[in-house]
Each structure stands twice: as C-alpha cells, then as structure tokens.
Amino acid sequence: MRPPRLHHRLLFAALIVQLGVTMLAWDLVSPLLQALLSRRRGSAVGRAGISWVFRSFIASAQALGMMRVDSGALDALCDEPGGLIVAANHPSMLDAVILTARLPRGVCVMKAELMRNVFLGAGARLARYICNDSPRALIRDAAATLREGGQLVLFPEGTRTVSGPIDPFRPGITRIAQLAQVPIQTVIIETDSPYLRKGWPLLRVPPVPIVVRARLGERFMPDADHRATLARLEAYFAAELRS
C-alpha cells in the first residue's frame with residue numbers, strides 16, 4: 001500500500017459516488033418491486049439486486065487499481081441447496097460488501113437505523129434482511145430464513161474487531177444453527193488495510209490499493225450443545241488468524 005495521491009483521491013470520490021448512486025437507484029426501485037412481486041420472488045430479486053450493486057462497486061474499484069479483492073472461493077457456495085450460515089471475522093465494514101457481492105442469496109443482519117436509511121432501507125426490506133433490534137426476534141427470523149433456503153451472513157463478533165486477532169463471539173450464531181439445523185461455513189477475511197476499521201470514516205481516503213482476501217475455512221455442523229460449538233468456532237477463528 002502507498003499513501004494516496006491526488007488522482008487516488010479523485011478516483012476514490014468517483015467510486016463513492018458510484019456506490020451511492022447505484023444504492024439510491026436500487027432503493028427507489030425496490031418499493032415498486034415489493035408491491036409487484038410475491039414475497040418469495042421479491043426476496044430473491046432483492047438479495048440478488050444488492051449483490052449486483054456491491055459486485056459492480058468492487059469491479060470498478062479493481063479496474064481503477066484502488067482495490068485487490070480475492071474472494072472467488074466464495075463462488076463455491078452459490079449453488080449449494082438449502083440454508084447455510086456464512087460466518088466470517090469482521091476487520092472492517094467492507095466485509096459485508098465483499099461477502100454479499102459474492103453471495104446473491106445472502107441475507108444480512110442489520111441495525112434498525114440502517115433499515116430506515118435512504119440508500120439501503122427499501123432494498124434491505126425487499127431482500128428481507130433481518131433487523132437486530134430484538135435478539136429473540138433475530139434468532140426466530142434467522143432460523144426461518146435458513147429453513148427457506150437463504151444463506152445467512154453473520155459476523156459472530158457482533159461488531160468490527162477491536163483487539164485482534166478476534167474479539168469474543170456472541171452466542172446467537174450456534175443457537176440459530178441448532179434451531180434451523182443448518183451448518184456454519186466459516187470464511188476467513190485477511191487484510192492489512194485500515195479502511196473502515198473501527199474509527200475510520202467512510203470518506204477518509206485510505207492507502208491504496210486496499211487488499212482483501214476471503215477464503216473458505218472449516219464447516220461446523222449444528223450440535224445440541226450450541227455453547228460448546230461456539231467455543232470451538234471461536235477457537236478455530238483465533239487459530240486461523242494467528243497463523
């Protein structure tokens with residue numbers, strides 16, 4: 001990575017504008033699609049639409065030399081039948097963008113205020129993303145989504161990593177897997193970039209290029225003792241990120 005120069009700042013601004021425009025356009029179309037399509041069809045279209053928005057952003061960033069993203073391994077998950085929890089570590093806010101771009105069936109868990117955001121709210125509601133304002137409702141809705149064949153994108157830390165290599169996991173993920181009887185596919189995200197880590201604002205230009213790798217890790221099957229599974233999952237991520 002190298003410090004950004006003037007042309008990097010201009011390219012960065014162009015990418016932010018592209019992302020904002022495409023997200024806003026999709027958000028304006030989403031209420032119409034929600035009115036016209038069935039719940040099941042609307043959910044599928046909504047998830048694929050958000051995936052396309054993020055995939056286009058990453059493609060532009062790579063074409064301009066601002067990012068290098070190695071996430072092709074996630075394509076192996078796209079055609080898997082049935083529900084699946086995709087669990088990743090969470091170094092930055094880019095993680096959700098990168099995972100969702102590669103997973104057109106992906107369902108994210110979002111903060112309540114983002115569900116009302118002008119750039120993302122309507123699209124998230126069309127996609128039937130899950131609000132995290134109630135832990136009990138989150139677990140119930142997540143299990144229902146998985147039984148319907150969705151791929152739930154979760155960050156077990158609950159927020160971006162503060163003290164590496166990983167912060168303590170929250171217990172919901174293995175409880176959801178137990179209720180829905182679906183496996184947890186781990187994804188290891190590796191990056192040296194400070195961009196959008198805790199405390200880094202969206203519009204602050206980072207050193208370039210931003211280099212991110214997302215690779216598939218082990219798969220954990222649901223278990224009656226979901227707390228023990230959580231401990232194994234956390235230990236696995238810690239070991240992988242220290243190696």
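Helix axes more than 145 degrees apart, that is, over 145, count as roughly antiparallel. In this predicted model, helix 1 and helix 2 (residues 39–63) pack at an angle of about 170°, and the two are therefore roughly antiparallel to each other. Their axes sit 10 Å apart, and the crossing of helix 1 past helix 2 is right-handed. On the helix 1 side, the contact is made by L15, Q18, L19, T22, M23, W26 and L33. Helix 2 brings V45, G46, G49, I50, V53, F54, S56, F57, S60 and A61 to that contact. Sorted by class, the contact of helix 1 with helix 2 has 11 nonpolar and six polar residues, and no charged ones.

Next up is the pairing of helix 5 with helix 6. The axes of helix 5 (residues 135–147) and helix 6 (residues 172–180) come within 9 Å and cross at roughly 45°. That value is outside the range under 35 degrees that counts as roughly parallel, and also outside the 65 to 115 that counts as roughly perpendicular, so helix 5 and helix 6 are oblique to each other. The handedness of this crossing is right-handed. From helix 5, the residues in contact are L138, I139, A142, A143, L146 and R147, and they meet R175, I176, L179 and A180 in helix 6. Going by class, eight residues in the contact of helix 5 with helix 6 are nonpolar, two are charged and none is polar.

Helix 6 also packs against helix 7 (residues 226–242). Here the angle is about 125° and the axes are 8 Å apart, which makes helix 6 oblique to helix 7. This crossing, too, is right-handed. I173, T174, R175 and Q178 are the helix 6 residues involved, and they meet H226, T229, L230 and L233 in helix 7. By class, that contact has three nonpolar, four polar and one charged residues. R175 of helix 6 thus turns up in the contact with helix 5 and again in the one with helix 7.

On to the aromatic rings. A pair of aromatic rings is described by the distance of the centres and the angle of the planes. The count comes to four aromatic pairs. For F12 and Y195, the ring centres are 5.8 Å apart and the planes stand at 85°, so this pair is edge-to-face. The pair links distant parts of the chain, 183 residues apart: F12 belongs to helix 1 (residues 6–36), while Y195 is in the loop between strand 6 (184–191) and strand 7 (210–220). Both F12 and Y195 are buried.

F220 and Y236 make another edge-to-face pair, with 5.7 Å from centre to centre and 65° between the planes. F220 lies in strand 7 and Y236 in helix 7, so the pair ties together parts that are 16 residues apart in sequence. With 10% relative accessibility, F220 counts as buried, and Y236 counts as buried at 12%. F220 and Y236 also belong, along with F169 and F237, to one aromatic cluster.

Key:
Residues are numbered from 1 along each chain as its sequence is written. This is a predicted model: local features need pLDDT of at least 70, side-chain atom pairs count only at pLDDT 80 or more; totals for chains, interfaces and linings use all residues. Side-chain values use heavy atoms; hydrogens and water are left out. Axes are lines fitted to C-alpha atoms, for helices over the stretch in contact, and angles run from 0 to 180 degrees between N-to-C directions. Helices (H or I, at least four residues) and strands (E, at least two) are DSSP runs, numbered from the N terminus. A crossing is left-handed if the near helix is turned anticlockwise from the far one by less than a right angle, and right-handed if clockwise. Contact means heavy atoms within 4.5 Å. Ala, Val, Leu, Ile, Met, Phe, Trp, Tyr, Cys and Pro count as nonpolar, Asp, Glu, Lys and Arg as charged, and the others, Gly among them, as polar. Rings of Phe, Tyr and Trp (its six-membered ring) pair if their centres lie within 6.5 Å; planes under 30 degrees apart count as stacked, over 60 as edge-to-face and the rest as tilted. Buried means under 20% relative accessible area, exposed over 50%, partly exposed in between (1.4 Å probe, protein chains only).
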